[in-house]
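Take a look at the model below. This report walks through its cavities, its cores and a handful of single residues.

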Amino acid sequence: MQLPPTLALFLTPNRTTIVFAVKGVIAMALSLYVAMYLNLDRPYWALVSAVFLQMRPESGLVIEKGICQIVGSVIGGAAGILILDWFTGYPLLAIGSLAVWVFLMSAGSVMVHRLNFIYGFAMAAMTASLVVVLVMANAANADSYAVFEVAQARMSEISVGAVCATLVSLLLWPVQVKNVLRVHARNVINRTLDYLVVELDPDGTHVDRHKQADGILESLGALSDDSSAVVYEGPEGSSRARAADLLCNKVLSLLAVVQIFGRLQRNHGELLDAKVAEQMRNMREHFKAMAKTTDYNDCYHHAQLLRRELLHFRASYQAPSPILARLTQTSLELVADLVMVLKAYDALENSQQTRLNAPSLSTYRDPLVAAITGFRTMVVFLIGAAIWINTTASAAVMMMILPLTFSVMFARFPSPTFVLARLLVGVLLAIPVGLYFGLGLMAQGAGHFALLVIAMGGPLFIGLMALANRPTLPYGLGFCIPFVILIQPSNTMTYAVDNSLSVALGIFAGVSVLYWVFKLITAPDSILVQKRLIRSTAHDLATIGHHRHPEGWFNGRMGDRLMRLAGYEQGTTSGTRYLTDLGLTGLNLGHVSIRLRRQLATSHDPRVHALLEQWQQSLADTFLCCAKGHFNADFRARSQRLVEAVRKTGAANLQVELIEGTMERLALTFERTAHTFAEQLAKQK
């Protein structure tokens with residue numbers, strides 16, 4: 001009988017998984033030892049801190065997450081102190097203020113791009129909640145000294161776990177982010193070359209093109225997420241981070257440029273003469289050869305050879321139309337971007353020999369999604385707070401604290417309820433195991449570090465093996481965290497059945513509430529989000545000239561939007577993917593705008609610059625019209641005015657011809673896109 005893939009992955013661990021689990025157990029044992037040695041109030045929070053750092057074992061990521069954890073804890077502790085200082089005698093106002101803080105931290109986590117930064121927001125929300133709730137639970141002794149002591153204890157426990165886990169990650173069988181970045185970069189380049197081949201294939205299918213584009217966007221997301229952490233891996237880390245940013249930037253530029261060839265070939269083949277068609281076949285053959293090779297030097301040689309061939313072709317070719325003159329120039333721009341992609345990869349491999357400068361990619365942020373995410377987390381917290389206020393049960397404390405952390409961490413996932421369902425399974429497994437070990441074995445070893453580690457090591461080792469693999473990560477996290485909280489190892493453990501059962505009930509109820517809140521308060525309607533993504537793209541097209549580094553700014557924001565549009569349309573059954581096509585068109589329009597503005601930057605004629613701004617706004621307006629199934633006839637008129645103004649400045653004939661070809665190609669793109677959307681809208685009626 002064949003096992004399910006997730007179960008098979010867990011039951012047949014590889015060497016990497018086992019090493020990871022061993023390191024995790026050592027990190028948690030060290031955290032517990034230090035916390036007990038320092039006689040901290042609740043050493044188990046140091047273990048919880050160490051567990052969270054095990055989700056990605058690479059040293060740079062662990063350091064970055066540890067820093068985010070400590071900084072988040074300090075900020076959260078300070079927020080908790082301020083709330084108690086202002087509202088000590090007003091518990092409802094204190095809880096209300098804490099709910100607002102939770103909302104702000106959860107909403108803020110959506111506005112950042114890096115996963116570890118999101119985790120920092122989660123820690124700020126959790127630490128503030130711990131400080132306020134634990135002080136209010138013992139209100140009779142709540143003075144300024146007690147408040148400071150509780151805050152200091154929580155921050156100390158979390159910091160101990162972070163530092164110990166980081167030391168173990170660095171000293172024992174370290175795994176570096178730079179190796180992971182190389183794997184991501186190879187995946188990105190291989191998928192990009194495959195996409196170039198498919199896009200230039202006259203017989204390529206719409207499904208194949210989007211399959212390759214989806215793979216590129218997924219790999220780019222992984223590369224971008226991990227690149228920030230490589231700066232913590234020595235003096236060459238910054239160079240590698242810049243190389244990763246440049247690689248992401250130029251791959252998105254390739255996605256923008258290659259569409260021109262594919263769409264003209266498929267939709268306007270009559271505009272291509274025999275020489276250009278032959279040159280496109282030659283480009284495709286070079287891309288196929290580059291995709292097949294496994295040697296960097298060979299791949300780079302092919303790119304440079306293609307560049308020389310294209311330069312020779314441009315010098316000898318007399319374009320019969322402006323659009324073909326523009327296409328010839330565009331082919332050189334495409335290969336130039338590809339060469340930069342390969343150089344960026346070489347900088348990742350050999351940072352000492354190759355140094356590149358590149359601005360970091362910007363990210364797209366949606367305040368509506370942030371507000372809904374913050375509101376959802378606040379609702380989870382208030383449900384737990386209401387139960388705690390009305391029952392004063394210690395179990396309700398866990399209903400307030402743990403779920404809000406998971407809510408912030410999992411809000412970014414495409415299917416958070418699916419992840420939470422697996423997390424809940426891990427919780428259900430942790431409860432009987434934790435009760436058995438906590439009540440039957442661990443209480444007898446109170447204060448004895450060796451006995452505690454021996455008793456806890458086996459279950460935690462199994463949980464950490466699940467944590468080591470992405471498909472089983474929710475199970476591992478759902479097991480390890482509740483297991484540690486149920487046992488609560490310390491110097492003064494007690495044998496209390498009722499307390500352990502109460503904590504178990506609180507954890508299970510809290511995660512269950514979190515699951516159903518995610519079910520009921522979902523992300524904004526996909527149609528609404530898609531419309532917002534298109535409108536924000538049009539806004540960026542209108543303002544693209546106002547930024548110092550427009551290419552990195554636009555590429556980063558469009559990369560996020562394309563991943564979201566692709567994610568929404570992958571879940572549909574229609575298979576049209578027309579919104580993703582529109583997003584790719586928007587990416588191309590931005591690059592055309594950037595290149596056109598560079599061409600006209602040396603012009604001293606104020607009329608040219610005024611007409612360029614009017615044309616830029618018309619470009620954005622026409623993009624929006626296409627999404628409604630209409631073509632904005634004003635675009636051709638404004639394009640013609642700009643071309644005539646450039647011609648009157650005495651610009652070279654070639655420059656005027658290239659601009660004229662650009663305008664004609666854009667008009668064809670808009671007309672075709674408007675027709676496609678008109679057909680789709682008619683089908684929906």
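Helix α22 gives the most residues to the lining of the largest cavity, with six. Keep in mind that this is a predicted model.

**The largest cavity**

The count comes to five cavities of 30 Å³ or more. About 140 Å³ of space lies in the largest one. A total of 13 residues line this largest cavity. Closest to its centre are Ile 260, Arg 326, Thr 330, Val 592 and Arg 665. Four elements give two or more residues to the lining: α10, α13 (322-349), α22 (578-599) and α25 (653-684). What classes of residue make up the lining? There are four nonpolar, five polar and four charged residues.

Now look at α22 itself. The helix has 22 residues. From its first C-alpha to its last, α22 reaches 31 Å, close to the 32 Å expected at 1.5 Å a residue. Helix α22 is mostly covered, with 18 of its 22 residues buried.

**Two nonpolar cores**

In soluble globular proteins, nonpolar side chains tend to be buried together. Here the largest nonpolar core holds 106 residues. Leu 247, Phe 287, Leu 327, Leu 334, Trp 615 and Leu 642 touch the most other members. Which helix gives the most to this core? Helix α10 (residues 237-267) does, with 16 residues.

Follow Leu 327 for a moment. Setting aside residues up to four places away in sequence, Leu 327 touches Ile 260, Phe 261, Leu 264, Leu 272, Val 276 and Met 280. A second, separate core has 99 residues. Among them are Ile 95, Leu 435, Val 511 and Tyr 515.

**Four residues to find**

Next come four single residues. The table gives the place and relative accessibility of each.

| Residue | Place | Relative accessibility |
|---|---|---|
| His 184 | helix α8 (residues 177-199) | 16%, buried |
| Met 55 | loop between α3 (44-52) and α4 (59-87) | 13%, buried |
| Asn 39 | loop between α2 (15-37) and α3 | 58%, exposed |
| Gln 488 | loop between α18 (473-487) and α19 (497-520) | 21%, partly exposed |

Why does Met 55 count as buried? Its relative accessibility is 13%, so Met 55 falls under the 20% cut-off. His 184, at 16%, counts as buried because that value is also under 20%. Gln 488 has 21%, so this residue counts as partly exposed. Asn 39 counts as exposed because its 58% is over 50%.

Which residues does Met 55 contact? Leaving aside neighbours within four places in sequence, Met 55 is in contact with Lys 65, Met 409, Leu 467, Leu 473 and Leu 477. Met 55 and Ala 393 are 338 residues apart in sequence. In space, Met 55 and Ala 393 are 31 Å apart, C-alpha to C-alpha.

Helix α3 borders the loop that holds Met 55. In α3, nine of its nine residues are buried. They include Tyr 44, Trp 45 and Phe 52.

His 184 has contacts of its own. Not counting residues up to four places away in sequence, His 184 touches Ala 222, Leu 223 and Asp 226.

Finally, check the backbone at two loop residues. Phi of Asn 39 is near 55°, a positive value in a residue other than glycine. Gln 488 also has a positive phi, near 50°, and is likewise a residue other than glycine.

Terms used: Residues are numbered from 1 along each chain as its sequence is written. This is a predicted model: local features need pLDDT of at least 70, side-chain atom pairs count only at pLDDT 80 or more; totals for chains, interfaces and linings use all residues. Side-chain values use heavy atoms; hydrogens and water are left out. Buried means under 20% relative accessible area, exposed over 50%, partly exposed in between (1.4 Å probe, protein chains only). Contact means heavy atoms within 4.5 Å. A nonpolar core is a set of buried Ala, Val, Leu, Ile, Met, Phe, Trp, Tyr and Cys residues joined through side-chain atoms within 4.5 Å. On a 1 Å grid over the protein atoms alone, a cavity is a set of points where a 1.4 Å probe fits but cannot get out, and a pocket is an open set with protein on both sides within 12 Å along at least five of seven lines; lining residues have an atom within 4 Å of a point. Grid points are joined across faces, edges and corners, and a volume is the space filled by probe spheres set on the points. Ala, Val, Leu, Ile, Met, Phe, Trp, Tyr, Cys and Pro count as nonpolar, Asp, Glu, Lys and Arg as charged, and the others, Gly among them, as polar. The expected span of a helix is 1.5 Å times one less than its number of residues.
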